[in-house]
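Grab a coffee and work through these short exercises on salt bridges, helix packing and burial. Try each task on the model before reading its solution.

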Amino acid sequence: MKKLLFLLCAGLLCILAACGNSSDEEADASSEEGESELSGELEFYTSQPDVDAEQLVDAFNEKYPDADVNIFRSGTEEVISKLNAESQAGSVVADVLLLADSVTFEGLKEADMLMEYNSPEAEAIPEEFVDADGTYTGTKMMATGIVINTDEVTEAPTSWDALVSDEGSDQVVMPSPLYSGAAAYNLGIFTRSDDFGWDFYEGIKANNPMITEGNGAVIENVASGQKNYGMIVDYLVARAASDGSPVELIYPEEGVPVITEPIGITADTEEAELAKAFVDFVLSEEGQALQAEIGYTPIREGVEAPDGLKSLDEIKTLSAPTDELYQNREADKGQFDELFSN
């Protein structure tokens, strides 16, 4: 009798355990299904290179296959012009923005064009790169340095003086701050530094530089040997060097400007939940590992920088108050335009 009772109890426990496991598995499946079932159409505006933006969207779609993400890609200044035009017309199309720098997002925040969203993934990102009001968060570290053509430049420079030296005459290429958000940020930083100021840009102007729309054209001209020196964001040099181009990245000893290419959600979005999921993915460990794989220095703690790039604690940075940069950006661009148009 006791043996029979024991077998009955044991059988009952097995049934209960099986039911419990089944419930857990169903809950997990339900959670995964709920995540993947998130759907809608998202308008993603970015200044990232097309191929990088597409890789990001493809990875997001692996997690959310029912989400349609449309990409509009251009230089930061042109993206902002499009966004402002939409706002003035009373219909902002964009849902998520991923653009060059915090100064750009400060302008959008002041215009009440951003939604507040404190992503749980932002807890793993240094506080100084997360907007205190929750309207934007940095996604990567991008330093601007000097690129040289190693076939033409036998002695690598250590200073920004290379761009204003005799060797740089007719051999310098740089992106325009009228198009590139990174270049606009750099302009504000350099002209507010005691070691540079407007004299630095006047020195570059005296060397008859090539002014391109964006950083992509800078690496093309230096890698091809058309120019020997360029002012450029770091990841493009590391990427070109790994592909076999005769280029080298220099972090000048005086220091370098660093942008964080923040991400934010527009205040007028009608796809808030999908937009939040997109932001969460970009800031997640998985999303940050993807940034490193593409060739960027991740901003999330614990995710290593790719080969050829330095992390933030390895470089000397040049900076200025964000509010001052924002308040003076248009005036700076106007002065640059006047200087290089004459």
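Both Glu77 and Arg329 are buried, where buried means under 20% relative accessible area, exposed over 50%, and partly exposed in between (1.4 Å probe, protein chains only). Keep that pair in mind for the exercises.

A word on the ground rules: this is a predicted model, where local features need pLDDT of at least 70 and side-chain atom pairs count only at pLDDT 80 or more, while totals for chains, interfaces and linings use all residues. Residues are numbered from 1 along each chain as its sequence is written, and side-chain values use heavy atoms, with hydrogens and water left out.

**Exercise 1. Find the salt-bridge partners of Arg329 that include Glu77 and Asp101, and work out which parts of the chain they link.**

Step 1: Set the rule. A salt bridge is a side-chain nitrogen of Lys or Arg within 4 Å of a carboxyl oxygen of Asp or Glu. By this rule the count is 14 salt bridges.

Step 2: Check Glu77. Its closest N–O approach to Arg329 is 3.5 Å, so by the cut-off the pair is a salt bridge. Glu77 sits in helix α3 (residues 76-88) and Arg329 in helix α11 (residues 322-341), so the bridge ties together parts 252 residues apart in sequence. Helices here are DSSP runs (H or I, at least four residues), as are strands (E, at least two), numbered from the N terminus.

Step 3: Check Asp101. The closest N and O atoms of Arg329 and Asp101 are 2.7 Å apart. Asp101 lies in the loop between β3 (96-98) and α4 (102-110), 228 residues from Arg329. Asp101 is buried, and so is Arg329.

Step 4: Zoom out. Glu77, Asp101, Arg329, Glu330 and Lys333 are linked in a network of salt bridges.

**Exercise 2. Glu86 and Lys82 form a salt bridge too: how many residues apart are they, and is each one buried or partly exposed?**

Step 1: The N-to-O distance for this pair is 3.4 Å.

Step 2: Both residues lie in helix α3, four residues apart, about one turn of the helix.

Step 3: Glu86 has a relative accessible area of 9%, so it is buried. Lys82 comes out at 31%, so it is partly exposed.

**Exercise 3. Describe how α4 packs on α11.**

Step 1: Two packed helices are described by the angle between their axes and the distance between the axes. Axes are lines fitted to C-alpha atoms, for helices over the stretch in contact, with angles from 0 to 180 degrees between N-to-C directions.

Step 2: For α4 and α11 the angle is about 75° and the axes are 9 Å apart. That makes α4 roughly perpendicular to α11 (under 35 degrees is roughly parallel, over 145 roughly antiparallel, 65 to 115 roughly perpendicular, the rest oblique).

Step 3: List who touches whom, contact meaning heavy atoms within 4.5 Å. Residues of α4 including Ser102, Val103 and Glu106 meet residues of α11, among them Leu325, Tyr326 and Arg329.

**Exercise 4. Which residues of helix α8 (residues 234-242) are buried, and what do they pack against?**

Step 1: The buried residues are Asp234, Tyr235, Leu236, Val237, Ala238 and Ala240.

Step 2: The buried residues of α8 pack against α2, β5 (140-149), α7 (215-223), β8 (229-233) and β9 (247-250).

Step 3: Look just past the end of α8, where Gly244 takes a positive phi of about 100°.
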